[in-house]
Amino acid sequence: MTSTKHGSKMGNSGSHPLSKALKEMIEAFGMEFRVALGEAEAELAYLNSKGYIDAILTDDCDAFVFGGRTIIKNWGATLSDKISDAVAQRSIGSNKRPQVTVYSAERIHGLSRGGLILYALLQGGDYDERVPGFQPAHSFGLATCGFGDSLLREYQVKGRHISSFLVQWRDEMNAELTSNSRAFIPRSKLRIPNNFPDLKTLEYYVNPLSSATTGGGGPPLDKGEMNLPRLARFCEEYFEWGYSQGLLRRFRDFVWPGSVMHVLRRAALEADAKEREKRARSGNEDRVIRGALKPPRAEAIGTSAALVKQYLPRRNKPLKEDRLARIAGAFENRSRASRVSPRREEIPDPHPLIRSIVGARRHSCTDNLLEYHVEVCPVQLVALTKEGIKGFRGPPREPAKPMRRPPPAPQSILRLWIPGSILHQVHPGLVEDYAMEEEARASKEPKGREKRKADETEDEEKDMSCSRPLKGTQPAPATPRVVRVVGLSANCAHAAPVPAASVTAPHAQRASLAQKEGTSQVRTRL
C-alpha cells in the first residue's frame, strides 16, 4: 500500500522517488499493491472491514478510527508500549525472536467507532493537536458516555450543518466533566473549547478518502507469482551486495524460504480445487473447504518440478507484459477456473524440492501449531536465481569481516519449519513416512524399568566376558590406564596423557572437582 501522509511535502500519491523501484520489487515478489487515494490506513481499514485482508500491520492506531477491525503493532524483538502482562510475556518464549501485539476493535474496552473518533479528536492524531489539558482518562470517559456516538450519528445525517447540535453537545460534555454523574471520568475543571471539534478533521475521520468513495477496492486477485530471476536482477541493480555470491547467500537465508512456502501454498490451493471438483462430480453441494484436507498418498498434489516451473516462472517477462497478463486474469471466469484442476506436462525431477520430514514441534512463537522440519533441496532455486544475475557487479573491494563459520554452499540442504496443515494437504506421503519412522523408533527404544534392566544385563555380560581370565590361561599383563582431562584449565587442557597410577593429587582433585561441576570431559582408555 502506497500513499501520501497528510501534510507531507513529497507531493501527490505515488510521486515519492522510491515509489517506482518499490513497486517493481513488490511485483517481482508476486504480490499485489494498491495506491491509496488518501491515507494508507484508511484504505487498509476499508479492506479490513470488508474482510478482504485479515489484519493491518502498522504502528498507527488511526486505522481503528477509520473502521479497521484488527491491527498488528509493535513489530520488534521485544514488546513495546510498556506492556506488563505477565501471562503474555511468559507465552512469547525467547525474547530474542520478533514479537508483535495484536489489537482487535471488539476488545478495546467496548468503544464503538464513534467513541474512537471522539477519543482521537480529543487526544490528537495525524490531523490536529490534542485538546490542552485532556488526559487519556478524560477522553476515554467521555467516549464511554456515548458522546462520540451521538456526534457521529448527527454528522452522518447533516454533515457540516450541525452548528446548533454542537452547542448543546458541548454543554452536555462540560456538565459531565464537572459532575461525573456516570462515574466514568474523574472530576475536573476542564472545559471543551467552543471551536471543538474541527469539522475538517471530523470529515477526515468519518468519511476518509478510500476505494469505498469511488466504489472500487475489491478483494485481492491473487494472480501474481514470485519471479526469482527478476528479483535477482533487481537486487543486483540496486544493492551493493548484489554480486553473485552475496545474492545467493542472502537469497538462501531470506528469499528461498518464502519461495518454498509460495509453491506449497499454490499446491494447497490446487488441492482445494481438486476437492471441490470431486464433490461436484459426486453431487455434493457443499463446496466450502473447512480445515486442512488429508488426501491419500496417490492423490497428492506434491511439489513436482513441473509445479515449481509453473509457480516460480523462469521467463523474464517485461514489466508491462506482466501487468497486462494480470489485468487479463482479472476478467477470467473465476468460478469456472476454480472447478478445473490445472494440467501440466511431466518433466524430469532429479532434485525434488521437498525431500523428507526430519522433525516436528509445537512452539510458542507460532502459537503452538503443529510444524514439521523438512529438508529442502534448493537446486532448482539456485538455477532460477542465477538466471537473473547479469554479473555486472563484482564483490566489494574491501574484505568483509571474517565470519565465525563459512556460509553453507548454495545447493546444500536447507531445513525449514513448515505448518503441518500445509504438508498434510500437499505431501501426505511424507507425513505418513515420518509417522511410521517415529513409531518404529519408539518401539525399538526400551522405556523405564525395561531400559534399566537391559542396562544391568549388559553390564553383567561385560563383567563375565572381560573381568575374569579363562581357566588354564595366564592373566594378561596389566596395562596402565590413561586418563585425558580436558577443559580443567588453560595449563592442563592440552596436557599429554599420563598413566593413572602417576596422576598427582592436585590433578586428581581437579578431575574430581571438574566431574562434580560438569565442566570437564574425562576420557578413559584401557
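A polar contact is a pair of N or O atoms within 3.5 Å; within protein, one must be able to donate a hydrogen and the other to accept it, and residues adjacent in sequence count only if both atoms are side-chain atoms. This is a predicted model, in which local features need pLDDT of at least 70 and side-chain atom pairs count only at pLDDT 80 or more, while totals for chains, interfaces and linings use all residues. Residues are numbered from 1 along each chain as its sequence is written, and side-chain values use heavy atoms, with hydrogens and water left out.

**Exercise 1.** Describe the surroundings of R252.

*Solution.*
Step 1. Place the residue: R252 lies in helix α12, residues 244-282 (a helix is a DSSP run of H or I, at least four residues, numbered from the N terminus).
Step 2. Look for a polar partner: the side chain of R252 reaches the backbone oxygen of I413 at 3.0 Å.
Step 3. List contacts (heavy atoms within 4.5 Å): beyond residues up to four places away in sequence, R252 touches P257, P378, P408, A409, P410, S412, I413 and L414.

**Exercise 2.** Find the residues with the most contacts inside the largest nonpolar core.

*Solution.*
Step 1. Define the core: it is a set of buried Ala, Val, Leu, Ile, Met, Phe, Trp, Tyr and Cys residues joined through side-chain atoms within 4.5 Å, where buried means under 20% relative accessible area (1.4 Å probe, protein chains only).
Step 2. Read off the residues: in this core of 43 residues they are F251, W256 and V374.
Step 3. Find the main contributor: α12 supplies the largest share, 11 residues.

Definitions and conventions
Helices (H or I, at least four residues) and strands (E, at least two) are DSSP runs, numbered from the N terminus. Buried means under 20% relative accessible area, exposed over 50%, partly exposed in between (1.4 Å probe, protein chains only).
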